[in-house]
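Grab a pencil and keep the viewer open. Below are some exercises, each with a worked solution.

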Amino acid sequence: MINQKRAVDTFLKLIQIDSESGNEKKMQEYVAAELKKLGCRVVVDNAGKHFNTNAKGNVMGFFPGTVKSAPFVLVAHLDTVQPGRGIRAVVKKDCIVSDGKTILGADDKAGVAIILEVLRSLKENKVPHPPVEVLFTLCEERGMHGSKNLDYKQLKGREGMILDNEGGDELLIQGPAVNDVVVDVIGISAHAGACPEKGISALEVAAYAISHMKLGRIDKETVANFGAVQGGQVPNAVMEKLTLIGEARSLKIEKLAKQTEHMRKAFELAIKKYTKKIDGKVCKPVVNFNATKRYHSVQISKSHPVVKALVAAAKRLKFPLYPRSSGGGCDANVLSGKGFTLPNLSVGVYGCHTVHEKLVLKEFYAALALTWAAVTSYKK
Ligand SMILES: [Zn+2]
(Lines give C-alpha, C1' and ligand atoms only; values in the text may rest on other atoms or scores of the structure.)
Protein backbone atom coordinates (compact mmCIF):
# COMPACT_ATOMS: atom_id res chain seq x y z
CA MET A 1 0.00 0.00 0.00
CA ILE A 2 2.82 2.32 0.96
CA ASN A 3 4.98 3.17 -2.01
CA GLN A 4 8.60 3.16 -0.85
CA LYS A 5 10.06 4.23 -4.16
CA ARG A 6 7.71 7.19 -4.36
CA ALA A 7 8.68 8.22 -0.81
CA VAL A 8 12.34 8.22 -1.86
CA ASP A 9 11.51 10.25 -4.98
CA THR A 10 9.65 12.76 -2.80
CA PHE A 11 12.63 12.95 -0.47
CA LEU A 12 15.01 13.57 -3.38
CA LYS A 13 12.73 16.33 -4.66
CA LEU A 14 12.49 17.97 -1.23
CA ILE A 15 16.24 18.14 -0.68
CA GLN A 16 16.63 19.96 -3.99
CA ILE A 17 14.66 22.85 -2.51
CA ASP A 18 17.13 24.82 -0.40
CA SER A 19 15.66 25.67 2.99
CA GLU A 20 18.32 26.68 5.47
CA SER A 21 16.73 28.20 8.58
CA GLY A 22 15.43 31.65 7.70
CA ASN A 23 15.20 30.80 4.01
CA GLU A 24 12.23 28.44 4.01
CA LYS A 25 9.86 30.35 1.72
CA LYS A 26 10.18 28.04 -1.30
CA MET A 27 9.88 24.97 0.86
CA GLN A 28 6.85 26.37 2.64
CA GLU A 29 5.17 27.09 -0.69
CA TYR A 30 6.07 23.69 -2.10
CA VAL A 31 4.68 21.62 0.77
CA ALA A 32 1.57 23.81 1.03
CA ALA A 33 0.87 23.11 -2.68
CA GLU A 34 1.53 19.37 -2.21
CA LEU A 35 -0.85 19.19 0.74
CA LYS A 36 -3.52 20.94 -1.30
CA LYS A 37 -3.08 18.46 -4.16
CA LEU A 38 -3.53 15.64 -1.66
CA GLY A 39 -6.89 17.01 -0.65
CA CYS A 40 -5.95 18.91 2.50
CA ARG A 41 -7.36 22.19 3.65
CA VAL A 42 -4.18 24.18 4.09
CA VAL A 43 -3.46 26.98 6.55
CA VAL A 44 -0.20 28.91 6.66
CA ASP A 45 0.01 30.94 9.85
CA ASN A 46 1.90 34.22 10.34
CA ALA A 47 4.65 32.88 12.60
CA GLY A 48 7.31 34.21 10.21
CA LYS A 49 6.63 37.75 11.42
CA HIS A 50 8.13 36.94 14.78
CA PHE A 51 11.63 35.84 13.75
CA ASN A 52 14.07 36.18 10.94
CA THR A 53 12.79 34.25 7.93
CA ASN A 54 11.63 34.92 4.38
CA ALA A 55 8.72 32.49 4.89
CA LYS A 56 5.22 33.50 5.89
CA GLY A 57 4.62 30.84 8.48
CA ASN A 58 4.19 27.26 9.60
CA VAL A 59 2.20 25.06 7.22
CA MET A 60 -0.79 23.09 8.49
CA GLY A 61 -2.67 20.56 6.38
CA PHE A 62 -6.03 19.12 7.39
CA PHE A 63 -6.74 15.75 5.78
CA PRO A 64 -10.29 14.48 6.27
CA GLY A 65 -10.84 11.17 8.03
CA THR A 66 -13.08 8.26 7.09
CA VAL A 67 -13.84 7.24 10.67
CA LYS A 68 -15.07 9.35 13.53
CA SER A 69 -12.10 10.15 15.71
CA ALA A 70 -9.99 12.95 17.10
CA PRO A 71 -7.38 13.92 14.49
CA PHE A 72 -3.94 12.31 14.47
CA VAL A 73 -1.16 14.90 14.36
CA LEU A 74 2.02 14.45 12.25
CA VAL A 75 4.88 16.91 12.69
CA ALA A 76 8.17 17.60 10.87
CA HIS A 77 10.25 20.72 10.32
CA LEU A 78 10.99 22.40 6.99
CA ASP A 79 14.32 24.07 7.71
CA THR A 80 17.84 22.65 7.63
CA VAL A 81 21.16 23.70 9.15
CA GLN A 82 24.02 25.01 7.00
CA PRO A 83 25.66 24.26 4.63
CA GLY A 84 22.42 23.34 2.90
CA ARG A 85 22.46 25.14 -0.45
CA GLY A 86 22.69 23.23 -3.72
CA ILE A 87 22.44 19.81 -2.10
CA ARG A 88 23.37 17.01 -4.52
CA ALA A 89 22.24 13.58 -3.47
CA VAL A 90 24.29 10.47 -4.08
CA VAL A 91 21.95 7.50 -4.09
CA LYS A 92 23.63 4.25 -3.12
CA LYS A 93 22.17 0.78 -2.82
CA ASP A 94 21.27 1.01 0.83
CA CYS A 95 21.54 4.70 1.66
CA ILE A 96 21.54 8.28 0.39
CA VAL A 97 24.33 10.76 1.16
CA SER A 98 25.28 14.21 -0.10
CA ASP A 99 28.28 14.83 -2.35
CA GLY A 100 30.21 15.81 0.79
CA LYS A 101 30.00 19.56 0.19
CA THR A 102 26.72 20.08 2.02
CA ILE A 103 24.50 18.41 4.55
CA LEU A 104 21.95 16.01 3.09
CA GLY A 105 18.88 17.60 4.66
CA ALA A 106 17.32 14.29 5.74
CA ASP A 107 16.96 16.12 9.05
CA ASP A 108 14.11 16.68 8.62
CA LYS A 109 13.06 16.16 5.01
CA ALA A 110 13.00 12.41 5.58
CA GLY A 111 10.19 13.20 8.05
CA VAL A 112 8.44 15.50 5.57
CA ALA A 113 8.67 12.82 2.84
CA ILE A 114 7.23 10.16 5.14
CA ILE A 115 4.26 12.35 6.03
CA LEU A 116 3.52 13.18 2.37
CA GLU A 117 3.74 9.49 1.39
CA VAL A 118 1.40 8.45 4.21
CA LEU A 119 -1.19 10.98 3.00
CA ARG A 120 -0.78 9.82 -0.62
CA SER A 121 -1.32 6.22 0.41
CA LEU A 122 -4.35 7.17 2.50
CA LYS A 123 -5.79 9.00 -0.47
CA GLU A 124 -5.30 6.07 -2.85
CA ASN A 125 -6.39 3.24 -0.63
CA LYS A 126 -9.70 2.53 1.03
CA VAL A 127 -8.28 2.14 4.50
CA PRO A 128 -10.31 3.46 7.42
CA HIS A 129 -8.42 6.27 9.12
CA PRO A 130 -8.93 9.25 11.43
CA PRO A 131 -8.59 12.84 10.26
CA VAL A 132 -4.90 13.73 9.97
CA GLU A 133 -3.49 17.11 10.92
CA VAL A 134 -0.08 17.81 9.44
CA LEU A 135 2.21 20.45 10.92
CA PHE A 136 5.34 21.55 9.07
CA THR A 137 7.29 24.04 11.18
CA LEU A 138 9.83 26.74 10.36
CA CYS A 139 13.16 27.51 11.99
CA GLU A 140 13.33 24.48 14.28
CA GLU A 141 17.10 24.33 14.06
CA ARG A 142 17.58 27.87 15.34
CA GLY A 143 15.58 27.36 18.50
CA MET A 144 12.15 26.05 17.50
CA HIS A 145 10.94 29.51 16.50
CA GLY A 146 8.19 28.11 14.28
CA SER A 147 6.58 25.97 16.95
CA LYS A 148 7.09 28.68 19.57
CA ASN A 149 5.09 31.11 17.43
CA LEU A 150 2.57 28.65 16.03
CA ASP A 151 -1.10 29.58 15.73
CA TYR A 152 -2.13 26.76 18.06
CA LYS A 153 -5.85 27.28 17.84
CA GLN A 154 -5.81 25.89 14.29
CA LEU A 155 -5.01 22.38 15.49
CA LYS A 156 -7.73 20.25 17.05
CA GLY A 157 -5.73 17.04 17.54
CA ARG A 158 -3.44 16.68 20.55
CA GLU A 159 -1.91 13.24 19.92
CA GLY A 160 0.26 11.92 17.16
CA MET A 161 3.91 11.70 16.22
CA ILE A 162 6.87 13.82 15.37
CA LEU A 163 9.28 12.51 12.75
CA ASP A 164 12.55 14.19 13.62
CA ASN A 165 14.80 11.77 15.41
CA GLU A 166 18.26 10.56 14.49
CA GLY A 167 19.01 6.84 14.22
CA GLY A 168 16.83 3.95 13.23
CA ASP A 169 15.35 2.27 16.26
CA GLU A 170 14.33 4.90 18.75
CA LEU A 171 11.11 6.41 19.92
CA LEU A 172 11.80 9.42 22.11
CA ILE A 173 9.19 9.68 24.81
CA GLN A 174 11.10 11.75 27.36
CA GLY A 175 13.18 14.86 27.04
CA PRO A 176 14.37 17.48 29.51
CA ALA A 177 13.01 20.93 30.21
CA VAL A 178 15.81 23.49 30.01
CA ASN A 179 16.36 26.85 31.67
CA ASP A 180 18.94 29.28 30.35
CA VAL A 181 20.74 30.88 33.26
CA VAL A 182 22.60 34.17 32.71
CA VAL A 183 24.09 35.89 35.72
CA ASP A 184 25.66 39.35 35.81
CA VAL A 185 27.80 39.92 38.86
CA ILE A 186 28.74 43.54 39.52
CA GLY A 187 31.35 44.37 42.12
CA ILE A 188 33.31 47.56 42.67
CA SER A 189 36.40 48.38 40.68
CA ALA A 190 39.54 49.63 42.41
CA HIS A 191 43.26 49.82 41.70
CA ALA A 192 44.58 46.40 42.56
CA GLY A 193 47.99 47.77 43.52
CA ALA A 194 47.12 50.92 45.40
CA CYS A 195 43.82 50.14 47.16
CA PRO A 196 42.37 46.69 46.55
CA GLU A 197 40.46 46.94 49.85
CA LYS A 198 38.32 49.62 48.23
CA GLY A 199 37.04 47.17 45.65
CA ILE A 200 34.73 44.18 45.54
CA SER A 201 35.87 41.58 43.04
CA ALA A 202 33.07 40.31 40.84
CA LEU A 203 35.21 37.26 40.22
CA GLU A 204 35.48 36.40 43.91
CA VAL A 205 31.76 36.86 44.37
CA ALA A 206 31.06 34.54 41.43
CA ALA A 207 33.64 32.01 42.63
CA TYR A 208 32.11 31.94 46.10
CA ALA A 209 28.66 31.38 44.65
CA ILE A 210 29.88 28.62 42.33
CA SER A 211 31.73 26.87 45.13
CA HIS A 212 28.49 26.78 47.13
CA MET A 213 26.52 25.36 44.26
CA LYS A 214 25.78 21.85 43.05
CA LEU A 215 26.59 21.65 39.36
CA GLY A 216 27.14 18.85 36.85
CA ARG A 217 25.09 15.73 37.47
CA ILE A 218 22.53 16.58 40.15
CA ASP A 219 20.55 13.34 39.95
CA LYS A 220 19.45 10.81 37.33
CA GLU A 221 17.09 13.32 35.76
CA THR A 222 18.79 16.66 36.38
CA VAL A 223 22.01 18.39 35.28
CA ALA A 224 23.35 21.96 35.54
CA ASN A 225 26.31 23.78 34.07
CA PHE A 226 28.01 27.11 33.54
CA GLY A 227 29.66 26.92 30.16
CA ALA A 228 30.89 30.46 29.51
CA VAL A 229 32.38 33.31 31.52
CA GLN A 230 32.95 36.84 30.32
CA GLY A 231 34.64 39.54 32.36
CA GLY A 232 37.70 41.51 33.33
CA GLN A 233 40.21 43.37 31.23
CA VAL A 234 43.49 44.11 32.97
CA PRO A 235 45.57 42.48 35.70
CA ASN A 236 45.78 45.55 37.93
CA ALA A 237 42.11 46.32 38.47
CA VAL A 238 39.74 44.59 40.86
CA MET A 239 37.26 42.99 38.49
CA GLU A 240 34.12 45.06 38.37
CA LYS A 241 31.83 42.96 36.23
CA LEU A 242 31.45 39.38 35.21
CA THR A 243 28.82 37.43 33.30
CA LEU A 244 28.24 33.71 33.74
CA ILE A 245 26.28 31.83 31.09
CA GLY A 246 24.84 28.48 31.92
CA GLU A 247 21.82 26.22 31.97
CA ALA A 248 19.92 23.65 33.97
CA ARG A 249 18.07 20.65 32.55
CA SER A 250 15.70 18.17 34.06
CA LEU A 251 13.18 15.62 32.95
CA LYS A 252 11.01 16.85 35.83
CA ILE A 253 9.79 20.40 35.81
CA GLU A 254 9.72 20.60 39.65
CA LYS A 255 13.34 19.46 39.85
CA LEU A 256 14.34 22.06 37.28
CA ALA A 257 12.68 24.78 39.34
CA LYS A 258 14.41 23.53 42.49
CA GLN A 259 17.86 23.45 40.89
CA THR A 260 17.41 26.90 39.37
CA GLU A 261 16.38 28.29 42.74
CA HIS A 262 19.38 26.60 44.37
CA MET A 263 21.68 28.34 41.88
CA ARG A 264 20.05 31.70 42.59
CA LYS A 265 20.40 31.24 46.36
CA ALA A 266 24.12 30.56 46.08
CA PHE A 267 24.55 34.07 44.69
CA GLU A 268 22.56 35.47 47.62
CA LEU A 269 25.05 33.82 49.95
CA ALA A 270 27.88 35.40 48.00
CA ILE A 271 26.30 38.85 48.19
CA LYS A 272 26.12 38.54 51.97
CA LYS A 273 29.68 37.27 52.20
CA TYR A 274 31.13 40.13 50.13
CA THR A 275 29.09 42.99 51.56
CA LYS A 276 31.54 45.25 53.39
CA LYS A 277 32.26 48.78 54.53
CA ILE A 278 34.36 50.90 52.20
CA ASP A 279 35.29 54.32 53.51
CA GLY A 280 32.66 53.92 56.23
CA LYS A 281 29.89 53.12 53.77
CA VAL A 282 28.19 49.72 53.41
CA CYS A 283 28.79 48.44 49.89
CA LYS A 284 27.50 45.24 48.37
CA PRO A 285 27.87 43.47 45.09
CA VAL A 286 24.90 43.37 42.75
CA VAL A 287 23.77 40.16 41.09
CA ASN A 288 21.29 40.03 38.23
CA PHE A 289 20.20 36.43 38.03
CA ASN A 290 18.15 35.65 34.91
CA ALA A 291 16.64 32.25 34.36
CA THR A 292 14.44 31.85 31.29
CA LYS A 293 12.72 28.77 29.98
CA ARG A 294 14.35 27.52 26.79
CA TYR A 295 11.86 24.70 26.35
CA HIS A 296 9.49 22.40 28.12
CA SER A 297 10.07 18.74 28.95
CA VAL A 298 8.59 15.76 27.12
CA GLN A 299 6.98 13.16 29.39
CA ILE A 300 5.07 10.43 27.63
CA SER A 301 4.16 7.17 29.32
CA LYS A 302 5.19 3.87 27.74
CA SER A 303 1.58 2.85 28.07
CA HIS A 304 0.26 5.79 26.06
CA PRO A 305 -1.88 4.37 23.21
CA VAL A 306 0.26 5.98 20.46
CA VAL A 307 3.46 4.56 21.97
CA LYS A 308 1.83 1.17 22.41
CA ALA A 309 0.56 1.17 18.82
CA LEU A 310 4.03 1.99 17.49
CA VAL A 311 5.77 -0.61 19.63
CA ALA A 312 3.18 -3.26 18.67
CA ALA A 313 3.53 -2.42 14.96
CA ALA A 314 7.32 -2.62 15.23
CA LYS A 315 7.05 -6.03 16.83
CA ARG A 316 4.63 -7.24 14.18
CA LEU A 317 6.82 -5.94 11.35
CA LYS A 318 10.01 -7.16 13.09
CA PHE A 319 11.66 -3.74 13.32
CA PRO A 320 13.63 -2.95 16.46
CA LEU A 321 12.11 0.01 18.32
CA TYR A 322 13.07 1.25 21.78
CA PRO A 323 11.26 3.95 23.73
CA ARG A 324 14.00 6.18 25.17
CA SER A 325 14.71 9.58 26.68
CA SER A 326 16.77 12.26 24.98
CA GLY A 327 19.07 14.91 26.41
CA GLY A 328 18.22 17.50 23.79
CA GLY A 329 15.23 19.45 22.61
CA CYS A 330 13.15 19.87 19.48
CA ASP A 331 9.65 20.87 18.42
CA ALA A 332 8.35 17.99 20.57
CA ASN A 333 9.42 19.89 23.69
CA VAL A 334 7.67 23.08 22.64
CA LEU A 335 4.51 21.27 21.57
CA SER A 336 4.54 19.24 24.76
CA GLY A 337 4.39 22.52 26.68
CA LYS A 338 1.19 23.27 24.76
CA GLY A 339 -0.46 19.99 25.70
CA PHE A 340 0.52 17.80 22.74
CA THR A 341 1.62 14.17 23.12
CA LEU A 342 4.05 13.45 20.29
CA PRO A 343 6.58 10.65 20.57
CA ASN A 344 9.50 11.35 18.25
CA LEU A 345 10.37 8.51 15.87
CA SER A 346 13.77 7.81 14.30
CA VAL A 347 13.61 8.27 10.54
CA GLY A 348 16.86 6.54 9.58
CA VAL A 349 19.11 9.59 9.46
CA TYR A 350 22.66 9.58 10.85
CA GLY A 351 25.32 12.27 11.22
CA CYS A 352 22.81 15.12 11.46
CA HIS A 353 24.23 18.65 11.13
CA THR A 354 27.35 17.42 9.31
CA VAL A 355 28.30 16.96 5.66
CA HIS A 356 28.45 13.23 6.43
CA GLU A 357 24.70 13.09 7.01
CA LYS A 358 23.23 9.85 5.69
CA LEU A 359 19.76 8.40 5.18
CA VAL A 360 19.66 4.64 5.66
CA LEU A 361 16.89 3.40 3.38
CA LYS A 362 15.92 0.29 5.32
CA GLU A 363 15.29 2.40 8.40
CA PHE A 364 13.56 5.13 6.43
CA TYR A 365 11.16 2.47 5.10
CA ALA A 366 10.66 1.15 8.62
CA ALA A 367 9.72 4.63 9.86
CA LEU A 368 7.33 4.96 6.94
CA ALA A 369 5.65 1.63 7.75
CA LEU A 370 5.42 2.47 11.45
CA THR A 371 3.92 5.89 10.79
CA TRP A 372 1.37 4.28 8.47
CA ALA A 373 0.51 1.74 11.17
CA ALA A 374 0.16 4.40 13.86
CA VAL A 375 -2.08 6.62 11.73
CA THR A 376 -4.35 3.87 10.45
CA SER A 377 -4.80 2.27 13.87
CA TYR A 378 -5.59 5.51 15.71
CA LYS A 379 -9.08 6.11 17.00
CA LYS A 380 -10.11 8.33 19.85
ZN1 LIG B 1 15.60 18.04 13.04
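**Exercise 1.** In which loop is the place of Pro83?

*Solution.* Start with the ground rules: you're looking at a predicted model, where local features need pLDDT of at least 70, side-chain atom pairs count only at pLDDT 80 or more, and totals for chains, interfaces and linings use all residues. Residues are numbered from 1 along each chain as its sequence is written, and side-chain values use heavy atoms, with hydrogens and water left out.

Now find the strands on either side: Pro83 sits in the loop between β3 (72-77) and β4 (89-91). Helices (H or I, at least four residues) and strands (E, at least two) are DSSP runs, numbered from the N terminus. Next, check the bond leading into Pro83: the peptide bond from Gln82 is cis, with omega near -5°.

There's a second case to look up. The bond from Asp107 to Asp108 is also cis, with omega near 15°, and Asp108 belongs to helix α3. For background, most peptide bonds are trans.

**Exercise 2.** Find which side of α6 its buried residues are on.

*Solution.* Step one: get to know the helix. Helix α6 covers residues 253-274, and its 22 residues reach 32 Å from the first C-alpha to the last. That is close to the expected 32 Å, where the expected span is 1.5 Å times one less than the number of residues.

Step two: list the buried residues (buried is under 20% relative accessible area, exposed is over 50%, partly exposed is in between, with a 1.4 Å probe and protein chains only). They are Leu256, Gln259, Thr260, Met263, Ala266, Phe267, Ala270 and Ile271. These cover an arc of only 145° around the axis, so they sit on the same side of α6. The arc is taken from the directions from the helix axis to the C-beta atoms. The spacing helps here: an α-helix has 3.6 residues a turn, so residues three or four places apart point the same way.

Step three: flip the helix over. The face turned away from the buried side carries the exposed residues Glu254, Lys258, Lys272 and Lys273.

Step four: see what covers the buried residues. The cover includes β9 (177-186), α5 (202-211) and β15 (286-295).

**Exercise 3.** Asp45 is buried, so what is the nearest side chain of opposite charge, and how far away is it?

*Solution.* First, locate Asp45 in the loop between β1 (41-44) and β2 (59-63). Then look for an opposite charge, counting Lys and Arg as positive and Asp and Glu as negative, with His and the chain ends not counted. The nearest is Lys56, 6.4 Å away, and Asp45 has no salt bridge (a side-chain nitrogen of Lys or Arg within 4 Å of a carboxyl oxygen of Asp or Glu).

Finally, check the backbone. A polar atom of the Asp45 side chain lies 2.8 Å from the backbone nitrogen of Asn58, and the backbone nitrogen of Asp151 lies 3.1 Å from a polar atom of that side chain.

**Exercise 4.** Is Asp279 buried or exposed?

*Solution.* Begin with its place, the loop between β13 (276-278) and β14 (281-283). Its relative accessible area is 63%, so Asp279 is exposed. Now read the backbone: phi of Asp279 is near 50°, a positive value in a residue other than glycine. Try His353 too: its phi is positive, about 70°, and His353 is partly exposed at 44%. In general, most residues other than glycine have a negative phi.

Conventions
Polar contact = N/O pair within 3.5 Å; in protein donor to acceptor, adjacent residues only side chain to side chain. Contact = heavy atoms within 4.5 Å.
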